[in-house]
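Me: I would like to work through this structure by question and answer, with each reply reasoning its way to the value or name asked for.

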Amino acid sequence: MAMNGSTGSPSQAKSRDRGEIFQEVQEVLVDALGVDNDEVTAEATLMGDLGAESIDFLDIVFRLEKAFGIKIPREELFPAESLMNNPEFINNGKLTEVGLAELREKIPHTDLAAFENNPDINKLGDLFTVGAIVNYIDIKLNAA
Amino acid sequence: MLSNGVDTSQNGAFAEMRWIWIDKFVEFHSGESAVAVKNVTLTEEHLHDHFPGFPVMPETLMIEAMAQTSGILVGEANRFKEKVILAKVKKCVFFDYVKPGDTLKLYAKIESLAPEAASTSGKITCGEKLIAEIDLMFSHIDQNLAGKEFPKENFVFTDTFKSLLRDLPFDDGSSGALESGQD
Amino acid sequence: MRIATMAEIMRFILIDKIVSLERGRVIKTVKNVSLAEEYLADHFPTFPVLPGVLLLEGLIESASWLVREAENFAHSMILLEEARNVKYKSFVAPGAQIEYTVEAKTIEENISSFAGFGESGGEQIVEAKFGLRHFNLADENSAMAATDAIIIENMKKRWELLR
């Protein structure tokens, strides 16, 4: 049977504990990025530590959708691009209050405390850690 | 129609086809999967360099053949409105080499499809032999690569490529897939 | 079978020069991109850029020379066995030059693995991880030993042109 991303996968979005989620996410990242298992720690940043780029984010989203049987709007998991391109959200290389509010809303799965102290857009990439993905999947699966 | 003077419209196309690595589609299930064939022949000039004395089809050209098979499948899923280009070879594995006289069958399947990108899986066989497995990712470039300028017309899906589909019966009885979405 | 003449040699070679080579470890090569390359007319009309698979071919050829030199041209056939995470980051247009850098991770008798990248004008163009396999046709069929010799002879001539 043909599988088409737009109609959704028939596999079940069963709930799993964080440990299982972490392992699956780890496997996805190892395959998508060509890194080793031991590089994929919870604190590892996708861009800085693991070398992920734009096309990789899409690859990761597709693989996570298949692995967990859920739909993942790319904007939900990796909202950076729309934020960085909007002049309302950026001022002098930092996110404005409006930008920060937007970010908080888009990625509730990520702890922003440290970032808010110095919302440098070059550091936006540091928010996207393996742990953040695990949080996101955890929330998504339990909401289902 | 094209600013560099190369006429790739319809019948004149065959004289200009230097970068087509499949010969025709034999199956096409819109938005899902497709099968194309490629004949490998000694008249293909590049074979003589790879290698001089024992010509075999370069693996990278097999990847290109699969990219064209999969790329057309992905492009057609959006009526060729997007410029779809190869962004990443996720994985490719080659089990055997291919010689002049061989006919390859390329099987491509869409695994994921989104507005900005698509992911495909595929395999190449020669008779009973599995030659390669090739998984690719395509980017719809107008939706990505912000800041880079591209010519407006769809330079990826020229009439030459679309002509590879012309004799196929479509699942739904229509030939609507050949209608270009480009202006 | 005969040794190819010079006129026939230059159609599917995706590097122009070997810039440096550290035996069995690292090789750097360059390729010039020119409108004279016929396939550019199709790829793409109005927007000529070197096809992604030919960027990968440049990396493969670079790695192949590292193998041939390290094993003293012991094998005739060197083919791509697998490639992973081949990413295309930018385009290269006519008039530009690509610099390839390929590092060997392992080179064994019949297989080798590499990590490589290509850049042009300071911009990253392509990166890949890949593995090659090397063998002689005579390994399967001893009657092919003469063919192996011809291929190796040709590759040695090509080596002289590129280095």
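Me: What percentage of the 183 residues of chain B count as buried?
Reply: This is a predicted model, and the secondary structure of its chain B comes to three helices and six strands, which follow one another along the sequence in the pattern α-β-β-α-β-β-β-β-α. Residues count as buried when their relative accessible area is under 20%. By that cut-off, the share of the 183 residues of chain B that is buried comes to 58%.

Me: Among contacts in chain B between residues at least 6 apart in sequence, what share join residues at least 24 apart?
Reply: A contact here requires heavy atoms within 4.5 Å. When the contacts of chain B between residues at least 6 apart in sequence are taken, the portion that joins residues at least 24 apart is 68%.

Me: On how wide an arc around the axis do the buried residues of helix 1 of chain A lie?
Reply: Helix 1 of chain A runs over residues 18-33 and spans 22 Å from its first C-alpha to its last, close to the 22 Å expected for its 16 residues. Its buried residues are Ile21(A), Val25(A), Gln26(A), Val28(A), Leu29(A), Ala32(A) and Leu33(A). An α-helix has 3.6 residues a turn, so residues three or four places apart point the same way. The buried residues are therefore on the same side of helix 1 of chain A, covering an arc of only 165°.

Me: Which exposed residues does helix 1 of chain A carry on the face turned away from its buried side?
Reply: The buried residues of this helix pack against helix 2 and helix 7 of chain A, against strand 3 of chain B, and against strand 3 and strand 6 of chain C. On the face turned away from that buried side, the exposed residues are Gln23(A) and Glu27(A).

Me: Which residue caps the N-terminal end of helix 1 of chain A?
Reply: Just after this helix, Gly34(A) takes a positive phi of about 70°. At the N-terminal end, a side-chain oxygen lies 3.0 Å from the backbone nitrogen of Gly19(A), and the capping residue that supplies this oxygen is Asp17(A).

Me: Is Thr41(A) buried, exposed or partly exposed?
Reply: Thr41(A) sits in the loop between helix 1 and helix 2 of chain A, where, leaving aside neighbours within four places in sequence, it is in contact with Phe22(A) and Val130(A). Its C-alpha atom is separated by 8.1 Å from that of Gln26(A), 15 residues apart along the chain. Because buried means under 20% relative accessible area and exposed over 50%, the 32% of Thr41(A) makes this residue partly exposed.

Me: Which element supplies the largest share of the lining of the largest cavity?
Reply: There are two cavities of 30 Å³ or more, and the largest holds about 180 Å³ of space. Of the 19 residues that line the largest cavity, the closest to its centre are His50(B), Phe51(B), Glu57(C), Glu61(C) and Ser64(C). Helix 2 of chain B, together with helix 2, strand 3 and helix 3 of chain C, each supply at least two residues of this lining. The largest share, six residues, comes from helix 2 of chain C.

Me: What kind of peptide bond joins His50(B) and Phe51(B)?
Reply: Phe51(B) is placed in the loop between strand 2 and helix 2 of chain B. In chain C, Phe44(C) is placed in the loop between strand 2 and helix 2, and the peptide bond from His43(C) to Phe44(C) is cis, with omega near 0°. For the bond joining His50(B) and Phe51(B), omega is about 0°, and the bond is cis.

Me: What is the relative accessibility of Asn85(C)?
Reply: Phi of Asn85(C) is near 50°, a positive value in a residue other than glycine, and this residue is found in strand 3 of chain C. Thr46(C), in the loop between strand 2 and helix 2 of chain C, has a positive phi near 75° and is buried with a relative accessible area of 18%. Asn85(C) counts as buried, at a relative accessibility of 7%.

Terms used: Residues are numbered from 1 along each chain as its sequence is written. Chains are lettered from A and ligands numbered from 1 in the order in which they are written. This is a predicted model: local features need pLDDT of at least 70, side-chain atom pairs count only at pLDDT 80 or more; totals for chains, interfaces and linings use all residues. Side-chain values use heavy atoms; hydrogens and water are left out. Helices (H or I, at least four residues) and strands (E, at least two) are DSSP runs, numbered from the N terminus. The expected span of a helix is 1.5 Å times one less than its number of residues. Buried means under 20% relative accessible area, exposed over 50%, partly exposed in between (1.4 Å probe, protein chains only). The arc is that of the directions from the helix axis to the C-beta atoms. A polar contact is a pair of N or O atoms within 3.5 Å; within protein, one must be able to donate a hydrogen and the other to accept it, and residues adjacent in sequence count only if both atoms are side-chain atoms. On a 1 Å grid over the protein atoms alone, a cavity is a set of points where a 1.4 Å probe fits but cannot get out, and a pocket is an open set with protein on both sides within 12 Å along at least five of seven lines; lining residues have an atom within 4 Å of a point. Grid points are joined across faces, edges and corners, and a volume is the space filled by probe spheres set on the points.
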